[in-house]
Amino acid sequence: METKNLTRRNFIKLSSLTGAALTIGFYFPTGAKAAEIMKTETADNLGIDLNAWISIDTNGKVTITNHRAEMGQGSFQSVPQIIAEELEVDLNDVKIIFAQGNNAKYGSQITGGSSTVRGTYKKLLHLSATAREMLIEAAAKKWSVPASECYAENGHVIHKPSGKKFHYGELVADASKLTPPTSVHLKDPKDYKVLRKPIPRQDTPLKVNGTATFGMDKKLPGMLYAVVERNPRFQGKVKSFDDTETKKVPGVKHVIPVKMSVFNTFREGVAVVADSIWSAMQGRKVLKVEWDDSGFEHFSTEQLYTRMNDDLKTKDGLSFRTKGNFAAALEKADKKIEATYETPYESHSCMEPVNCTAHYQGDKLEIWGPIQGPDWVQDLLSPLMDLPKEKITVNMTFLGGGFGRKAFMDYPHEAAIISKAVNSPVQVVWTREDDTTQGPFRPGMVYQCSGGLKDGRISAYKAKLAGQNMDHQWPGAQKDSYNGSTTEGFLEPYFESIPHYSFSDLPLDVPIPVMWWRSVYASTNGFAFESFMDELAVQAGKDPLDFRRQHLGEERYQTLINRLEEVSGWKNRKKNEGYGVSITECFSSIVGEVVKVSKKADGKVKVDKVWAVMDCGWYVNPDIIRAQVEGSIVMALGAATVHATHFNDGKAVEQNFNTYKMPRITETPEIEVHVVDNEEKAGGVGEPGLPPLSAALTNAIFDLTGKRIRKLPFNLEEV
């Protein structure tokens with residue numbers, strides 16, 4: 001496998017001499033037309049700021065700078081495995097550290113869209129292979145032998161004819177003076193030693209023994225702690241507050257009004273700042289705030305869904321993607337069906353509460369915390385804090401779950417303005433109630449699906465969705481623009497096999513902050529699209545799996561269906577068992593899931609087992625994939641059956657885990673995950689396992705009971 005450059009465009013590969021170490025990395029130029037290779041001196045002359053994704057010191061130890069967050073998805077294991085493979089080093093000799101926010105060095109640092117591996121793996125493979133070749137060349141020069149007689153293995157360069165060898169540390173000084181090769185040889189996947197192996201995660205021991213640093217572990221000299229009483233209606237203002245009793249609480253130092261940036265507006269609140277988090281929380285309890293909640297809508301969940309359903313019945317929506325003539329094809333169909341599906345608003349509810357530490361020092365600001373987008377934080381805070389971007393340092397810590405919530409920049413801004421106001425480093429902590437009620441939330445959606453069948457195949461397909469468009473919240477957004485994620489989750493081959501289709505959306509404009517939630521719109525689209533596919537199969541009189549096979553002609557999809565059929569025992573389904581299938585596409589990965597349900601002795605439905613087949617193309621570590629798919633399935637099961645966010649009088653109703661419940665271990669079925677081996681381009685892993693579950697579950701319940709569930713969440717005890 002030969003390559004001439006790290007990427008086809010927009011990346012420059014280069015090496016850097018840093019005295020006693022070899023450092024090598026990428027540069028992300030703006031507007032570059034093509035990749036090129038340059039020496040360090042050339043980069044310096046151009047004023048290019050190099051990153052250092054790989055650094056090898058004189059002891060041969062390798063340090064990798066991870067420019068993305070580690071929130072449980074496994075970047076702290078996946079990135080070292082990629083590097084170790086082509087660099088030919090032992091994983092135990094690889095140390096990984098967090099990068100600070102700096103998109104001039106690292107490009108986009110947002111951890112989202114399951115993009116860490118799929119967005120960088122080719123570059124990392126080439127980068128590590130480049131470093132390996134430079135070390136081999138350095139050794140060959142020292143021995144005065146052809147480089148072709150040398151090879152790298154386990155952190156050494158070996159001269160094959162003589163058996164002589166150098167460890168990498170002995171070569172870094174010479175290697176760092178070399179020009180990076182313009183092409184490198186990458187391994188054939190069949191020769192992988194480290195990749196595609198279920199190697200235990202390096203960050204697990206740190207999290208088990210408590211040495212991993214999470215946001216709330218950060219301590220600074222003189223640091224104060226803050227909690228904030230925020231307006232529960234998202235857009236209200238502070239009319240007045242009485243802090244008489246709050247200031248009597250021992251440890252309370254300051255009570256100050258704050259305005260936190262939330263998309264294109266500000267959320268108002270009152271911060272209680274104390275010398276301990278306990279004192280701050282006690283002070284907040286006795287704080288009295290009067291809110292001005294005039295001038296905006298105080299909505300309820302019932303009102304929101306009535307509006308969405310009415311829109312679907314009376315309006316065409318913003319057309320997103322069409323082919324053929326849906327209306328004419330439907331008119332000629334043998335059978336016609338229509339169904340409406342509803343999904344709820346959801347809180348992110350990461351196990352680690354939202355928190356952030358900030359230290360404002362007049363001419364500079366430093367941030368520490370569980371942050372998915374450190375460069376985004378810099379971009380937001382620079383104008384808001386009136387500081388140059390380079391004066392804002394953002395340090396990432398481990399995240400105890402993110403799911404999209406911690407890509408938002410409200411809480412770093414809140415910490416920064418409080419630190420500035422009290423002239424001290426401050427750690428802001430959101431309580432569980434703050435996190436559950438303040439959002440941002442996954443938007444609730446309503447789908448109206450219509451379809452026609454001709455000769456047992458789908459001849460016409462129409463889907464309209466109604467709900468908030470996340471993109472409409474940002475400053476300057478065009479409110480009349482369609483939702484670009486309208487078809488997210490829908491399998492690509494359907495666009496070829498269905499002759500007439502139409503997709504459109506009806507945006508709902510209400511003052512609820514909404515944000516990406518694990519797998520984003522696919523998390524709700526998957527339920528509607530794959531439930532309706534099941535209904536079409538039933539109307540066609542076809543087996544649901546065969547019906548999908550009939551419309552998904554590409555070999556990759558046929559392989560996945562065959563594997564799903566095999567591992568789940570689909571053809572050997574027994575009487576009194578319900579089987580449901582769903583297949584969705586998310587972030588370039590395809591996942592099929594089969595759910596088996598049966599009835600308990602009391603006649604109520606129980607979920608027995610879930611089989612998942614993941615085709616994410618090229619992959620790193622099958623254990624990480626299994627863990628991510630299992631986690632996705634449990635999260636999806638919760639969203640389908642036990643939790644939702646409701647609103648009343650403009651406020652979120654659910655406050656904590658007593659009302660926003662999580663699936664318990666006893667409610668979690670057996671899960672079996674299978675990974676497809678192929679050489680397709682790498683897809684995401686952290687999120688694609690979530691979208692198929694809800695439809696596979698409700699399709700299984702239909703198979704068992706004949707009852708079609710079209711609204712989430714539903715209570716399994718009431719099926």
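Strand 19 (residues 355–360) and strand 20 (residues 365–369) make a hairpin with four residues between them, and Gly362 in that turn has a positive phi of about 80°. The two strands run antiparallel and are joined by four bridges, with Tyr360 standing opposite Leu365. Strands and helices here are DSSP runs, numbered from the N terminus: E for strands, at least two residues, and H or I for helices, at least four. Two strands count as paired if DSSP finds at least two bridges between them.

A quick word on the source: this is a predicted model, in which local features need pLDDT of at least 70 and side-chain atom pairs count only at pLDDT 80 or more, while totals for chains, interfaces and linings use all residues. Residues are numbered from 1 along each chain as its sequence is written, and side-chain values use heavy atoms, with hydrogens and water left out.

**The seven-stranded sheet**

Strand 20 also pairs with strand 21 (residues 392–396), this time in parallel, through five bridges. Here Leu365 stands opposite Ile392, and Ile367 stands opposite Val394. How enclosed is strand 20? Four of its five residues are buried, so strand 20 is largely enclosed by the rest of the structure. Buried means under 20% relative accessible area, against over 50% for exposed and partly exposed in between (1.4 Å probe, protein chains only).

Zooming out, these strands belong to an open sheet of seven, in the order 14-15-12-22-19-20-21, with mixed pairing. Strand 14 and strand 21 are its edges, each pairing on one side only. Neighbouring strands are turned by 25° against each other on average, direction ignored. Axes are lines fitted to C-alpha atoms, for helices over the stretch in contact, and angles run from 0 to 180 degrees between N-to-C directions.

Two helices sit on this sheet, and contact here means heavy atoms within 4.5 Å.

| Helix | Strands touched or crossed | Angle |
|---|---|---|
| Helix 10 (residues 374–384) | strand 14, strand 15, strand 20, strand 21 | about 150° to strand 21 |
| Helix 11 (residues 410–422) | strand 12, strand 14, strand 15, strand 19, strand 20, strand 22 | about 140° to strand 14 |

**A buried loop residue, Thr246**

Thr246 sits in the loop between strand 13 (237–242) and strand 14 (252–262). With 0% relative accessibility, Thr246 counts as buried. Leaving out residues up to four places away in sequence, Thr246 touches Val252, Val255, Val272, Gly283, Val286 and Leu287.

**The three-stranded sheet**

Earlier in the chain there's another open sheet, of three strands in the order 8-9-10, with antiparallel pairing. Its edges are strand 8 (150–153) and strand 10 (165–167), each of which pairs on one side only. The twist averages 20° from one strand to the next. Strand 9 (residues 156–159) pairs with strand 10 over three bridges, and the bridge partner of His156 is His167.

**Helix 2 and helix 4**

Helix 2 (residues 75–87) has 13 residues and spans 18 Å from its first C-alpha to its last, close to the 18 Å expected at 1.5 Å a residue; that expected span is 1.5 Å times one less than the number of residues. Helix 2 is mostly covered, with 13 of its 13 residues buried. Just after helix 2 comes Glu88, which has a positive phi near 60°.

What does helix 2 pack against? Its partner is helix 4 (residues 116–143), at an angle of about 35° and with the axes 7 Å apart. The helix 2 side of the contact is Ser75, Ser78, Val79, Ile82, Ile83, Glu86 and Leu87. Helix 4 brings in several residues, among them Tyr121, Leu124, Leu125, Ala129 and Arg132. By class, the contact has eleven nonpolar, four polar and two charged residues. Nonpolar covers Ala, Val, Leu, Ile, Met, Phe, Trp, Tyr, Cys and Pro, charged covers Asp, Glu, Lys and Arg, and the others, Gly among them, are polar. As a reminder, an α-helix has 3.6 residues a turn, so residues three or four places apart point the same way.

**Another buried loop residue, Pro691**

Pro691 lies in the loop between strand 31 (670–675) and helix 18 (692–705). Pro691 is buried, with a relative accessible area of 1%. Its C-alpha is 9.1 Å from that of Arg518, 173 residues apart along the chain. Beyond residues up to four places away in sequence, Pro691 touches Ser519, Ala522, Ser523, Gly526, Phe527, Thr584 and Cys586.
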